[in-house]
Amino acid sequence: MRRKLAAGNWKMHGGAGDLAEIAALAAAHPSPVSEVLICPPATLISRMAEAAADTPVEVGGQDCHAETKGAHTGDVAAGMLAEAGARFVILGHSERRADHGESDADVHAKTRAAWDAGLTAVVCVGETLEEREAGRTLEIVGGQIDGSVPNGASPERLVVAYEPVWAIGTGKVPTLDQIGEVHGFIRAQLVDRFGAGAADGIRILYGGSVKPGNAAEIFGVADVDGALVGGASLKAADFGPIVTALDAAGA
């Protein structure tokens with residue numbers, strides 16, 4: 001059985017004072033059924049890893065460069081994230097694709113670099129509102145997976161996060177049937193490409209305005225193995241109930 005994953009993406013939020021949220025989250029969930037992950041800004045990774053030591057909270061990065069080192073001012077290599085204490089890295093988030101023009105090929109190269117550094121890549125896919133309304137959701141998501149995920153994926157190396165771009169931070173959420181359709185499609189695509197043995201263990205997360213009030217019903221959808229949560233992950237008081245709902249779904 002796939003272990004559920006509650007992943008928090010702090011994006012460009014958080015300072016040293018916010019590390020107390022990790023202790024609060026760990027105190028509320030000392031032995032969670034689900035895996036719990038927080039991905040803070042790069043400036044906090046090493047300090048968060050220290051704060052999370054001896055707790056069930058894992059730490060990840062929000063992006064990495066495709067190269068191991070070099071003249072890439074402002075970038076962070078996957079190996080640097082691992083050395084700082086990260087075990088995961090988010091790649092291909094829609095904000096990276098939009099703000100930095102990242103292509104599927106870029107995400108593919110970064111995912112390979114993450115794997116080489118021993119990190120689990122959380123590869124994000126999702127359609128815009130225009131693509132959804134044009135009936136192209138599965139085409140877009142399928143193309144992103146094909147182009148962004150290298151050969152050799154396994155449950156230890158890959159998590160897929162489906163985040164419809166139009167639902168991120170907007171309060172809008174797809175219907176449960178829409179979420180189920182895309183997650184089922186992703187599962188079938190992973191099976192076709194990597195075989196049932198590997199694909200059945202790869203977790204597929206839903207992301208996009210997940211909150212304590214809607215988490216339980218979303219986690220009841222087939223092939224939803226957890227969530228990639230933005231704003232609601234910044235405070236233990238908000239993220240904790242999402243972990244609780246996920247634990248109940250995975251028990």
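**From a strand pair to the whole fold**

In this predicted model, Val-36 stands opposite Val-57 in strand β3, and this pair of residues offers a convenient place from which to begin reading the structure. The two strands concerned are β2, which covers residues 35-39, and β3, and they run parallel to one another, joined by 3 bridges. Strand β3 itself spans residues 57-61 and is mostly covered, since 4 of its 5 residues are buried. As a general point, the side chains of a regular strand alternate between the two faces of the sheet.

Moving back along the chain from β3, one comes to the loop that lies between helix α2 (45-52) and that strand, and Asp-54 is found in this loop. The backbone of Asp-54 deserves a look, for its phi is near 65°, a positive value in a residue other than glycine. Most residues other than glycine have a negative phi. Asp-54 counts as exposed because its relative accessibility is 85%, where the cut-off for that class is over 50%.

A second residue with a positive phi is Ser-209, which is not a glycine either and has a phi near 60°. Ser-209 also belongs to a loop, in this case the one between strand β7 (203-206) and helix α10 (215-219). Is Ser-209 buried or exposed? With a relative accessible area of 10%, Ser-209 is buried, because the limit for that class is under 20%.

From these local features one can turn to the protein as a whole, whose secondary structure comes to 11 helices and 8 strands. Taken along the principal axes, the C-alpha atoms fill a box of roughly 45 × 45 × 35 Å. For 251 residues, a compact globule would be expected to have a radius of gyration near 18 Å, and the 17 Å of this protein agrees with that expectation.

The contacts and the burial add to this picture. Among contacts in the protein with a separation of 6 or more, 73% are accounted for by residues 24 or more positions apart. Of the 251 residues, 50% count as buried. The protein exposes about 10500 Å², and carbon and sulfur atoms supply 52% of that area.

Finally, there is the matter of charge: the protein has 20 positive and 33 negative side chains, and the centres of these two sets lie 2 Å apart.

Definitions and conventions: Residues are numbered from 1 along each chain as its sequence is written. This is a predicted model: local features need pLDDT of at least 70, side-chain atom pairs count only at pLDDT 80 or more; totals for chains, interfaces and linings use all residues. Side-chain values use heavy atoms; hydrogens and water are left out. The radius of gyration is taken over C-alpha atoms; the globule rule is 2.2 Å times the number of residues to the power 0.38. Buried means under 20% relative accessible area, exposed over 50%, partly exposed in between (1.4 Å probe, protein chains only). Contact means heavy atoms within 4.5 Å. Accessible areas come from the Shrake-Rupley method with a 1.4 Å probe; for residues, only the protein chains shown count as cover. Lys and Arg count as positive and Asp and Glu as negative; His and the chain ends are not counted. The place of a charge is taken as NZ of Lys, CZ of Arg, CG of Asp or CD of Glu. Two strands pair if DSSP finds at least two bridges between them.
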